[in-house]
Amino acid sequence: MDRPVGASYQRFPRVRIRDLKDDYAKFELRDTDASMANALRRVMIAEVPTVAIDLVEIEVNSSVLNDEFIAHRLGLIPLTSAAAMQMRFSRDCDACDGDGSCEYCSVEFHLAARATDSDQTLEVTSNDLRSMDPKVCPVDQARAYQQALGGTDPFGANTSNENRGILIVKLRRGQELRLRAIARKGIGKDHAKWSPAATVTFMYEPDIRINEELMETLTVEERRRLIESSPTKVFKLDSANQVVVDNAEAYTYDDEVIKHAEALGKPGLVEINAKEDSFIFTVETTGAITAYELIMNAITVLRQKLDAVRLQDDDGDLGELGAHLGGP
Amino acid sequence: MAVLAKGDNEGGKVVDTMPLPTYHSLAAPVRKPVDKFALLPAFLKVRGLVKEHIDSFNYFIDKGIKKIVEANNRIEARNDPSIYLRYLDVRVGMPSIYENCNVESITPHLCRLTDRTYSAPIEVDIQYTVGKQHVVKRRNKFIIGYMPIMLRSSACILNEMDEDELAKYGECPLDPGGYFVVKGTEKVILIQEQLSKNRIIVDTDSKGRVIASVTSSTHAIKSKTVVLMDKGKIYLQLNQFTKPIPIIVVMKAMGMESDQEAVQMVGRDPRYGDLLFPSIQECASERIYTRQQALQYMDEKVMYPGATNNKEGRSNSILHDVFIAHVPVKDGNLRPKCIYTAVMLRRMLDAILNSDTFDDKDYVGNKRFELSGQLISLLFEDLFKTMNSQAVERMNKNSDKTRSSPLDFSQLIMQDTITFGLERAISTGNWDIKRFRMHRKGVSQVLSRLSYMATLGYMTRITPQFEKTRKTSGPRALQPSQWGMLCPCDTPEGEACGLTKNLALLSHITTDQEEGPLIDLCHSLGVEDLLFLSSEEIHAPGSFLVMLNGLILGKHKDPQRLVIHLRNLRRSNVIGEFVSIFINEKQRCVHIASDGGRVCRPLIIADMGISRIDETHMTKLRDGTYDFDDFLSGGLIEYLDVNEENNALIALYEHMDQDDVERSSITHIEIEPLSILGVVSGLIPYPHHNQSPRNTYQCAMGKQAMGNIAYNQLFRADSLLYLLVYAQRPLLTTKTIELVGYDKLGAGQNATVAVMGYSGYDIEDAIVMNKSSLDRGFGRCIALKKYTVLKDNYVDGVSDRIVKPQRDKDGVLMKQNMRALDDDGIVAPGQIIRNHDIYVNKQTPMNTSKGIGRPLTDSCYKDSPAIYKGVDGETTVVDRVMLCSDTNDKLSIKCIIRHTRRPEVGDKFSSRHGQKGVCGTIIQQEDFPFSERGICPDLIMNPHGFPSRMTIGKMIELLGGKAGVSCGRFHYGSAFGEPSGNADNVADISSTLIKHGFSYNGKDFLYSGILGQPLEAYIFMGPIYYQKLKHMVLDKMHARASGPRVLLTRQPTEGRSRDGGLRLGEMERDCLIAYGASMLIFERLMLSSDPYQVQVCRKCGLLGYYNHKLKTSYCSMCKNGENMAKMRLPYACKLLFQELHAMNVVPRLKLTEV
C-alpha cells in the first residue's frame, strides 16, 4: 500500500470526555494510534511537573522514626501544584542559591508538633505542615479549605466529614518534631514523588461481534453459561433471551468467551477485536493537580518536546529535548 | 476397654481400667471432625518456642545444682579433719551485680548495652568451724560465685512478665529467651546431639564385624564396653585391656563357671548354642575353668598396670568399676552384670540370625540431646570441685605457716573460680573439663540478630557431636523417625548438611526424672527381679525383659498388660508425662525411659481411631477455662517419644468412616500436620508444593532477610543491624507465621511481581525493579553500625582524654574532618558524618609507662582520633551515642551510625521459595508494563526461574496473594493444610479471582509501557512476598588502582577491608600464558605488584648491595664490587632468596646477556 510521496499522514485525533472529576477522568481518544496514546500516558506519569518537598532541615526529632525516614515520608505527600507549570526548576533558577527563600522555585514549609501531657499518641499529619505560600499546600488541607469555603465537596461524596490528613509520624508523650522543609518543582522521572499521576492507563476499545446465526443454535441455558464464562460482565441476556453486549469495555481481553465458544464446538460465535485506533483512558491523580490539568499539562509538555524535535531539523541540536532524553 | 464401650451405648458408663472420658458413645450424633488447630497456640503458650532450653536450665537451677552441692557438701582441712565447712543448702538468687559495695539488681537489656554479664549470685548456707576451738558457725546467703542466667528462666527477672512489664525493662515480648548475656553479647548454648548413653547398640564395625556396644555414663565414670564377634568367636573389648578377652572368660571371671548356665542365660534356642560354641571351645582350649583362672588370664591383659606394676586383682576391679559401669554392683554381686552381658550377647546373636534386629545409629530414638542445663551443670560441677580443692589447698598452706589463729574456710573460698569459669566457657564456647575428659569447642555461639527468624532458628538448632568432615551419607540422610521431631527442611547446605538439624514446631526435649518411684511402681505391677530367678527363667517364653533407662529391671510375664497399666498411669498423671513406655517385640523387651534428652511430641490420644478430644474440650479451650496442661492431665493428649511412636499408629486426621477397617487400630491422631516442619521452614507458604531442596534453601535465606528484629530494635546496640524501613506482613501467611509472631516482625515486603522477560537484564535469576516503587520505599533499609571507642586508663591516674574540636580564633574548625563533632569532642547525634570524619576526638598521653606526678599539659598528649571509614558519596548519620563504663571501669563510647539505603543494581532479593536473585536493572515506571486497571508491577521476574526449580508454591502464593488483595482477607498456605482448612485451595482462590474480575489462572492482559501495544502473552502477575537479603553491593564493591602494600612482601594487600588489590591468580595467569601476552604478565605480576632492583654478583650468583656513599655496588660474598649487575625482580622473590639463605640453602642466580 504505497502512498504517493508527499502525502500527509496527518490525522486529527478526537477526544471525548466521558467523566471528569477533580482527581479522576475517563476519556476516549480516537483516530490516532498507540504511539500517540502511549506518549500521552508516559508524559502524564513522568513529565508533568508538580511541587513536592525536596529538602528537609530537621531541628528537633525525638520521634521513633529517624530523620531520613520522616524526610522520605514528607516528600511523598502530594502538594497542590496548580502553579507548578509556571514555576522554575530549582536548578535553572537564577534568582536564588537554592536555599528555599526564592519565590520562583521553592516553597517553604514548617512543621512543629509536640505531644504534651496527655497519654494519647499524637498523630502528626500533613495537616500540621504550615506552608509559606497559600497556593502550595498538602492536598487534603486544600480540600478542607475548599470544603470550608464552598461547603460542597468537589471530590465526590465519599470523603467523610473528618479530614485526618496523611499520617507522617505518631508521637508519644514528650516527643517532639520540628522541622523546616522546602518544596521544589520536579518531574516524576526524577523521583516518583513528583509524579502527579496515581493511575494513568488506557485500553484499546474492544469491538465485539456476536454471530447471531450461530447464537440461535444455542439453548438459553447455554447462552447463560456463555455469558457467565466471562469473568467480567460483558454480555447479558435481553428480554428476548438474546445475548447482547452489555458493557464492551468490561472486557479484559481474557479470551474466556472465545474459548468457551470453541469448547461448545462453535468457533466464531463471538468475535472480539481491539480497535487499533481508539483508546479509553483512565486518569487518576494524586490530587496535586486536577485530572484536567494533568491532561492539559501533559499535552503542553508533549508539544514542547515535539517542538524540540522540530527544532532539531534546523540546527541538529537537540536543544531542550536533550534534557528530556538524557534524563535529569 | 474402649472396645467394649462401643457396644454398650445404653449403659452410658464405661467400665474401664483407665480413666477414660466417659462420653464416647455411638449414640451420639455423627461427630464432626474437631478443629484441633487451637491446640497449637495453646501448646506454644504453655511451652513456648524455646521451652526445652528454659526447662533444662530451670531443672539445673532448681534441682541439678542442689544435687551437685549435696554430693560434695563437706570440705575439711587435710591435716585436721575437724576443721571443716559444710554446704547446707544452695540456691541461685536474682540477677544482680556487686558494685561499689552495693548490690544492684540488673536487667538483661542493661547488660546488653553495658557489656556486662547477666548473672545472679549463687548463695549457699554454710556451717563451718572458726578459730582454734573449732567453734561451729553458721552463715546463710554466702555467695560462692555468679551464675549467668538464661533469659526467661525461673531465675530471670523477666520470668512470667506480661507485655507491659517487659516493655518497661526494654525487652521485646516476642523475644523467645533461652540464651545468656555474657559480657554484653547474647550467647546461645546450642543443643548437642549424642548417641544415647547406657543403651545396647548392635551394629557392624568398619571391618564388618558384628558388635554390641554400650557407652556407660554415671556420675562417677564414663566407659565404653564393646562385645564383638570375630571369626565366629565372641570377645569383649575394653580400653583397659590390651587384647580382646573371650567373652566366656569374662563370664567365668564374673563367677559364672558353668558353661551351661552361660548358654542358658543367653537363651535356650539351640541356634544360640551353636553360635556360642566356638567361644566356649576357645575358653576351654585356654584351660580356663574357674573364676580364679579367668581372672588371672585377664590380669595379664590389663593395659595400665598400677604404680607398683602389680597386675593382680586389677581385672577384678575393672569388672566392678569399668565394665558396663552403669550396672550397679551391690555387695560385690556381679550377677546383674552377668545378666546384662548375656542380654548383650543375645541381642548380638539375634542380629546375626536376623539382620532386621540391627540397631541404627542414626535412628532418632537412639539419640540424646544435651541442653544448656546439662552442659552448665557439668561445668559447674567441675568449677565447684576446683573451688573446694583450692580452698583446701589454701588451708593447708596456711596451717603450715603456724599462724596464730587458723583461718576458717569461709574466708578461703574464692568467688572468682566459678564466676570467671562460667563466664569464660560461655563467652568462648570452649568446654574444657579435664575432670570429665571433655574438650568441646563451639558449644555456645553468638545469637544472630540479623532477623527475627535467624534468632529463632538459632534457638532450635541442633549441632552434631562428630566432626563434619566425614563424607558418610548415613548420618546426613533424612530419617523417617525424624517425623514430627526434627524439621525435614531446615538444614544448612554444604559440609554440615544433614548433620546440623532443627527442632520441629511441637517437639520437646525431656529433662531427667526420678527413677525411684518408677522402679517401685514396676515391681508392684508384677515385674520380677532377675536376681531371684535362675538363668533358665530369664528368657522364658512369653515373658519380656523390662528395662528402665538401659538397666534391666526384671522380667514380666504379661508385658502388654504392664505397658497398658503404665501408660494409663502416665495418662492419669501418676507418673511423669515424659516417661516413655515402649514394647519392643523383636527384642522381647519393654523399654521404660525417664532420662533427659529424648525428643518427644504431643499427640491426641484416640480410642479405636476416635479422638478423645471433642468439641466440648475445644470450646473450653477457646473460652480459656482449659489450657494445654489440662488436656495433658485429662488424658486427652500425651507425649510420645520416638521409640514409643513405634507402638502407636498415628493418623493425620480422624477417620470418619465408621466402616473403615484401619480405623480400629489407630491409637493417636496428629495435632496438626504442619507441625512436622520447624519454625524457620514454617514461614514458607505451600511448602508441600515445592521441590524439597527449595524449602531447604529458603530456610537458609530466611535467616538473612532484613526486617524488624525485635520491638526494642532501636534501643539495641548490636555491632551491625539491618532493618527494613517499611517491613510488611506477608499477604499469604501460614499458621506458623502467626504462631511465632513473624506477622508482627516481618522481614520483607509484598511486591507485585510480573513473571515475564524484560530488558534482557533479567537473565540468571536477576530481577528488574520499578524505579517508582523504589522511590516510594520498596526495599529501603537502614544499616546501623556500632563503633566503640575506649578511653583507656594508665598508671597513676593518667588516662586518655577527649577534647573539644580545636578551632582558630575566628571559631573556624582547624580541621575539616571535625565538623561532625559536638563541643564535648564526641559526634553529635543527628549529625551527618562522612568518610574520614572524626567521631571521637581522643588524645592519648605520650608517656604511658610511668606516672609523672604533676598534671599533664596539652603538649603531653598526642592525637589519636577515631576516624569514620565510610563510603564516599553516601550520607550516613550519627544515630545515637552511648557512654558507659565497662567492667574495667574504663569509659566506653559507643557511636551508632545509621545509613539509609535504597536498593541498587546488584542488591540481593529473594522470595520465600529459595528463589534468590540480584537486582539486574532499575527501570522507570512509565517503561514498565501496565494493565488496563492501571496496575504496574514492582518487579519483574524471569519465567525461566520456574521450570527447573519447580517451585509451584510460589505460583500458588502469587495466586493466593492476588486473591487476598482483591477480597481483603489474608490467605493461608500452611504446610499440608488443605484438608484442615489451614491452606486455601487453588480452586477457591481461582473463584475469588474470577469474582473480582481477574482470570482464574492469575494471568493478566498487559500493555507494553514502551510501545503502548498489548503484550503478546498473558502475564502471570500478582503479589509475592519478597525478602531483601543482607548481601548488598555497597558493602562488597571494591576496586583499587594503587594503594597499601604488605610490609613483608611489598605486594598489594589482600581484601576489601584493607583496600587490597585484585589478584591475578594462577588460572588467569595460565590464560595469559596460553595467549602469549608475556608483557601483560610481566606488568601484572611484577610492575604492578612488587618490583625491586637488586645487585647480583655475576660470579657467585648471590645478591649484593649498592653502596650509596661510594656509588658502587658490592658483593659481600666475593668481597669486591666487580662483576656486579643490576636487575629487577619481584621483592617477594628477593625475600624468598633471603629466607632460603637463613635455612642454609643457597640459591644462585646465573645471569646471561640478552
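**Entry 1: nonpolar surface patch on chain A**

I began with the surface of chain A in this predicted model, where A:Val15, A:Ile17, A:Leu20, A:Tyr292, A:Met296 and A:Ile299 together make a nonpolar patch of about 520 Å². I then looked up which elements carry these residues, and found that strand 1, running over residues 14-20, and helix 7, running over residues 291-315, each give at least two residues to the nonpolar patch. I took A:Ile17 as an example; its place is in strand 1 of chain A, and I noted it as partly exposed because its relative accessibility is 46%, which lies between the limits of 20% for buried and 50% for exposed.

**Entry 2: negative patch on chain B**

Next I turned to charge on the surface, and noted that B:Asp162, B:Glu163, B:Asp164 and B:Glu165 come together there as a patch of negative charge. Of these I followed B:Asp164, which sits in helix 5 of chain B, a helix made of residues 163-168. I entered B:Asp164 as exposed, because its relative accessible area is 60%.

**Entry 3: chain B as a whole**

Before going further inside, I wrote down the overall figures for chain B. Its C-alpha atoms fill a box of roughly 100 × 95 × 75 Å along the principal axes, and the chain holds 29 helices and 55 strands. Of its 1154 residues, 53% are buried. The accessible surface of chain B amounts to about 51800 Å², and carbon and sulfur atoms account for 52% of that area. I also looked at how contacts are spread along the sequence: among those in chain B that join residues at least 6 apart, 68% are between residues at least 24 apart. For charge, I recorded 144 positive and 134 negative side chains in chain B, with the centres of the two sets 7 Å apart.

**Entry 4: two buried residues of chain B**

What does B:Asp775 contact, once its neighbours within four places in sequence are left aside? I found residues of chain A, namely A:His72, A:Leu76, A:Asp190, A:His191 and A:Ala192, and from chain B itself B:Arg780 and B:Arg902. B:Asp775 belongs to helix 23 of chain B, residues 771-775, and I noted it as buried because its relative accessibility is 0%. I also checked its distance to B:Ala705, which is 70 residues away in sequence and 21 Å away in space, taken from C-alpha to C-alpha.

I looked up B:Ser56 in the same manner, and found it in helix 3 of chain B, which covers residues 51-71. B:Ser56 counts as buried because its relative accessible area is 2%. Apart from neighbours within four places in sequence, B:Ser56 contacts B:Leu371, B:Ser372, B:Gly373, B:Gln374 and B:Thr511.

**Entry 5: salt bridges**

I then went through the salt bridges, of which there are 78 over all chains. In one of them B:Asp595 is paired with B:Arg368, with 3.0 Å between the closest N and O atoms. This pair links distant parts of the chain, 227 residues apart: B:Asp595 is in the loop between strand 25 (589-593) and strand 26 (599-607), whereas B:Arg368 is in strand 15 (residues 367-370). I noted B:Asp595 as buried because its relative accessibility is 13%, and B:Arg368 likewise as buried, with a relative accessible area of 7%.

A further salt bridge joins B:Asp800 to B:Lys842, and here the closest N and O atoms are 3.6 Å apart. Where do the two partners lie in chain B? I placed B:Asp800 in the loop between strand 35 (781-791) and strand 36 (801-802), and B:Lys842 in strand 39 (residues 842-845), so that the pair, 42 residues apart, links distant parts of the chain. B:Asp800 is buried because its relative accessible area is 1%, and B:Lys842, at 15% relative accessibility, also counts as buried, since the limit for that term is under 20%.

Last among the pairs, I recorded B:Asp879 with B:Arg880, whose closest N and O atoms are 3.1 Å apart; B:Asp879 and B:Arg880 are both buried. I closed the page with a network in chain A, in which salt bridges with shared partners connect A:Arg16, A:Arg18, A:Glu28, A:Arg30, A:Glu205, A:Glu249 and A:Lys275.

How values were computed
Residues are numbered from 1 along each chain as its sequence is written. Chains are lettered from A and ligands numbered from 1 in the order in which they are written. This is a predicted model: local features need pLDDT of at least 70, side-chain atom pairs count only at pLDDT 80 or more; totals for chains, interfaces and linings use all residues. Side-chain values use heavy atoms; hydrogens and water are left out. Patches are made of residues with over 30% relative accessible area and no salt bridge: like charges are joined within 9 Å, nonpolar side chains (Val, Leu, Ile, Met, Phe, Trp, Tyr) within 5 Å. Accessible areas come from the Shrake-Rupley method with a 1.4 Å probe; for residues, only the protein chains shown count as cover. A salt bridge is a side-chain nitrogen of Lys or Arg within 4 Å of a carboxyl oxygen of Asp or Glu. Lys and Arg count as positive and Asp and Glu as negative; His and the chain ends are not counted. The place of a charge is taken as NZ of Lys, CZ of Arg, CG of Asp or CD of Glu. Helices (H or I, at least four residues) and strands (E, at least two) are DSSP runs, numbered from the N terminus. Buried means under 20% relative accessible area, exposed over 50%, partly exposed in between (1.4 Å probe, protein chains only). Contact means heavy atoms within 4.5 Å.
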